[in-house]
Amino acid sequence: MRNFRKTTEPKGEIKEGKNDIYVIQKHDASHLHFDLRLEMDGVLKSWAIPKEPPVEKGLKRLAVATENHPVDYADFEGVIPEGYYGAGKVEIWDKGTYELEERTEDKIVINIKGKKLNGRYCLIKFKGQDKNWLFFRC
Ligand code: MN
C-alpha cells in the first residue's frame with residue numbers, strides 16, 4: 001500500500017466527476033508495467049499490464065486488477081521513493097477520455113479516445129479468477 005507521508009502521489013477520496021477519464025501510466029518499478037486507469041464510481045479503477053498496451057487489433061494483454069486510486073492520480077507523474085510500494089518512475093503514457101458501452105461483473109466494453117489507444121476496447125475477466133482480465137481492441 002502507498003504511504004502518503006513519504007510519496008508525492010496524490011491522495012484523495014471519492015470524487016463526483018464525469019466518470020470518463022482514461023489514462024495509462026508507464027511505471028518503471030521493479031518490473032516495468034503499464035497501469036491502465038478508468039474513472040468509474042468516483043475512483044480510478046486500475047489494472048497493471050505487464051507489456052505494452054494493445055495499440056493494434058489482434059493483440060491481447062493480461063491486465064491484473066490492482067487497488068483503486070483517487071481520481072487526482074490520473075495526472076500524476078514523478079518518482080515514488082525507494083523502499084515504498086511501487087518505487088520507481090511514473091509517467092503518463094497515454095491519456096484521454098472514454099465512453100462506457102457495457103459493464104458487468106466480468107466484462108467492460110469502452111470506447112477510448114486517447115492518442116495511442118483509440119477505438120473500442122474490451123476487458124474480460126478470466127473465469128474463476130479474481131484479478132486477471134484480458135484487455136484488447138474489440
Ligand atoms: Mn504500477
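Let's start with a tally: the model has 6 salt bridges. It's a predicted model, so keep that in mind as you click around. We'll visit some of those bridges, with a stop at the metal and the pocket on the way.

**Stop one: the buried pair.** Select D35 and R37 and show their side chains. They meet in a salt bridge, with N to O at 3.5 Å. Buried or exposed, where does D35 sit? D35 has a relative accessible area of 5%, so it counts as buried, the cut-off being under 20%. R37 is buried as well, at 4% relative accessibility.

**Stop two: the manganese ion.** Keep D35 on screen and add H27, H33 and the manganese ion. Which atoms are the protein donors here? Look for ND1 of H27, NE2 of H33 and OD of D35, which lie 2.2 to 2.3 Å from the ion. So D35 turns up twice on this tour: as a metal donor and as the salt-bridge partner of R37. Along the sequence, the donor residues follow the spacing H-x5-H-x1-D. Switch on a surface and check the two histidines: H27 and H33 are both buried.

**Stop three: the largest pocket.** Leave the donors selected and bring up the largest pocket, which holds about 270 Å³ of space. It is lined by 18 residues, and those closest to its centre are H27, H33, D35, Y85 and G86. You already have H27, H33 and D35 on screen as manganese donors, so just add Y85 and G86 to finish that central group. Next, colour strand 2 (32-40) and strand 4 (60-69), the elements that each give two or more residues to the lining. If you colour the lining by residue class, you should get 6 nonpolar, 7 polar and 5 charged residues.

**Stop four: a long-range link.** Now select D41 and R103. Their side chains form a salt bridge with N to O at 2.9 Å. How many residues apart are they in the chain? The answer is 62: D41 is in the loop between strand 2 and strand 3 (43-49), while R103 belongs to strand 6 (residues 88-104). Both ends are partly exposed, D41 at 47% relative accessibility and R103 at 38%.

**Last stop: E102 and K107.** Finally, select E102 and K107, another salt bridge, whose closest N and O atoms are 3.6 Å apart. E102 is partly exposed at 31% relative accessibility, and K107 is partly exposed too, at 28%.

Terms used
Residues numbered from 1 in each chain as written. Predicted model: local features only at pLDDT ≥ 70, side-chain atom pairs only at ≥ 80, totals over all residues. Heavy atoms only, no water. 1 Å grid on protein atoms, 1.4 Å probe; cavity = no way out; pocket = protein on both sides within 12 Å on 5 of 7 lines; lining within 4 Å. Points joined across faces, edges and corners; volume = space filled by probe spheres on them. Helix = DSSP H or I, 4+ residues; strand = E, 2+ residues; numbered from the N terminus. Nonpolar A, V, L, I, M, F, W, Y, C, P; charged D, E, K, R; others polar. Donors = N, O, S within 2.8 Å, 3.2 Å for Na, K, Ca; no water. Buried < 20%, exposed > 50% of the residue type's maximum accessible area, 1.4 Å probe, protein only. Salt bridge = Lys/Arg side-chain N within 4 Å of Asp/Glu carboxyl O.
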